[in-house]
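Welcome, and thank you for taking a look at this protein with us. Below is a short walk through some of its local features, with the sequence and the model alongside.

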Amino acid sequence: ETRDELRKMQGLIRRFDTGLGQLLDILDERDLRDNTILVVTTDHGIAFPRAKGTLFDPGIATMLFVRWPQRCGGGLRREEMVSNVDILPTLLDAIGVPCPDRVQGQSFLPLLDGKPYAERSEVFAEKTFHDCYDPMRCIRTKNHKYICYFEKSALHRVPGDILGGGASRELGLLHRDGGEALYDLTSDPGETANLVNDSDSRETLADLRCRLLQWMRETGDPLLTGPIASPFYAKALKRLQE
């Protein structure tokens, strides 16, 4: 069943590729190719268990295509870490508009130009709600990933839109590694061995905890002041009070 679902995903990618080609043709027909910056990305990773709706790499790794014929050559593939919050600063940088101080992220325009670039030392990711309240935050460096879960659950919750898929039926319930997890992405790219209790990883764990907390403070994360009310809470309360 998992193989069949992967086969269907490949079919969807092929359809997407066709649709993207049609959009590119329109830009050519209207003579907009050279002065159009095209950015193609997604809001989450693949819709499979232990991917979408989680902070594992398959859940937060999104595709990113950028095309700007007037400025950047084609066929370039980069391995540096970037975040979707970097897209706005990059576009502003490209058109010569100053980036407001309140905007998160950093421009990766030098990467597109083939110029020296100060690579990110980390990226952050978060989830609060999907089908249900399941808040979690993470920091990912080049070699490690730290995830902090803010609610207790024995299982990784699978989004309802993929729960009925073949992979979900075949893989079954997936257990969660307690309230936090630390992974060595170099030796364990599948994020299967939780190193939170590993004595050799104490310094790394402390460092990533500290950096994640600092980011939450800098971004005014509402979890710092308590649980976040469900969007359904106010509606339910209103119904009771009518």
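Let us begin with a pair of strands: β3 (residues 123-129) and β4 (residues 133-140) run antiparallel and are joined by six bridges. This is a predicted model, so please read every value here as computed from predicted coordinates. The two strands form a hairpin, with three residues between β3 and β4. If you would like a place to start in the viewer, pick Val123, whose bridge partner in β4 is Arg140. In a regular strand, side chains alternate between the two faces of the sheet.

Arg140 also leads us to the charged residues. Together with Asp57, Lys145 and Glu191, Arg140 is linked in a network of salt bridges. The structure holds 18 salt bridges, and the table shows some of them.

| Salt bridge | N to O distance |
|---|---|
| Asp28 and Arg33 | 2.8 Å |
| Lys52 and Asp161 | 2.4 Å |
| Glu80 and Arg78 | 2.7 Å |

Which parts of the chain does the salt bridge between Lys52 and Asp161 bring together? The side chains of Lys52 and Asp161 meet at 2.4 Å, N to O. This pair links distant parts of the chain, 109 residues apart: Lys52 lies in the loop between β1 and α2 (57-60), and Asp161 lies in helix α5 (residues 160-163).

Are the partners in these pairs buried or exposed? Lys52 has a relative accessibility of 9%, so Lys52 counts as buried. Asp161 has a relative accessible area of 52% and is therefore exposed. In the pair of Asp28 and Arg33, Asp28 is partly exposed because its relative accessible area is 33%, and Arg33 counts as partly exposed at 34%. For the remaining pair in the table, Glu80 has a relative accessible area of 22% and is partly exposed, while Arg78, at 38%, also counts as partly exposed.

Now let us turn to helix α3, which spans residues 87-94 and includes Thr90. Its buried residues are Ile87, Pro89, Thr90, Leu92 and Ala94. What do the buried residues of α3 pack against? Their neighbours are β1 (38-41), β2 (64-67) and α4 (109-113). After the helix comes Gly96, with a positive phi near 75 degrees.

Thr90 deserves a visit of its own. Why does Thr90 count as buried? Its relative accessible area is 4%, and buried means under 20%, so Thr90 falls in that class. The Thr90 side chain has polar partners in the backbone: it reaches the oxygen of Asp86 at 2.7 Å, and the Thr90 side chain also reaches the nitrogen of Phe108 at 2.9 Å. Leaving aside residues up to four places away in sequence, Thr90 touches Gln106, Ser107, Phe108, Leu109 and Leu112. Phe108 thus appears both as a polar partner through its backbone nitrogen and among the residues that Thr90 touches.

Our last stop is on the surface. Tyr233 is found in helix α8, which covers residues 231-241. Which residues form a nonpolar patch with Tyr233? Leu237 and Leu240 do, and the three have about 350 Å² of accessible area together.

Terms used: Residues are numbered from 1 along each chain as its sequence is written. This is a predicted model: local features need pLDDT of at least 70, side-chain atom pairs count only at pLDDT 80 or more; totals for chains, interfaces and linings use all residues. Side-chain values use heavy atoms; hydrogens and water are left out. Helices (H or I, at least four residues) and strands (E, at least two) are DSSP runs, numbered from the N terminus. Buried means under 20% relative accessible area, exposed over 50%, partly exposed in between (1.4 Å probe, protein chains only). A polar contact is a pair of N or O atoms within 3.5 Å; within protein, one must be able to donate a hydrogen and the other to accept it, and residues adjacent in sequence count only if both atoms are side-chain atoms. Contact means heavy atoms within 4.5 Å. Patches are made of residues with over 30% relative accessible area and no salt bridge: like charges are joined within 9 Å, nonpolar side chains (Val, Leu, Ile, Met, Phe, Trp, Tyr) within 5 Å. Accessible areas come from the Shrake-Rupley method with a 1.4 Å probe; for residues, only the protein chains shown count as cover. A salt bridge is a side-chain nitrogen of Lys or Arg within 4 Å of a carboxyl oxygen of Asp or Glu. Two strands pair if DSSP finds at least two bridges between them.
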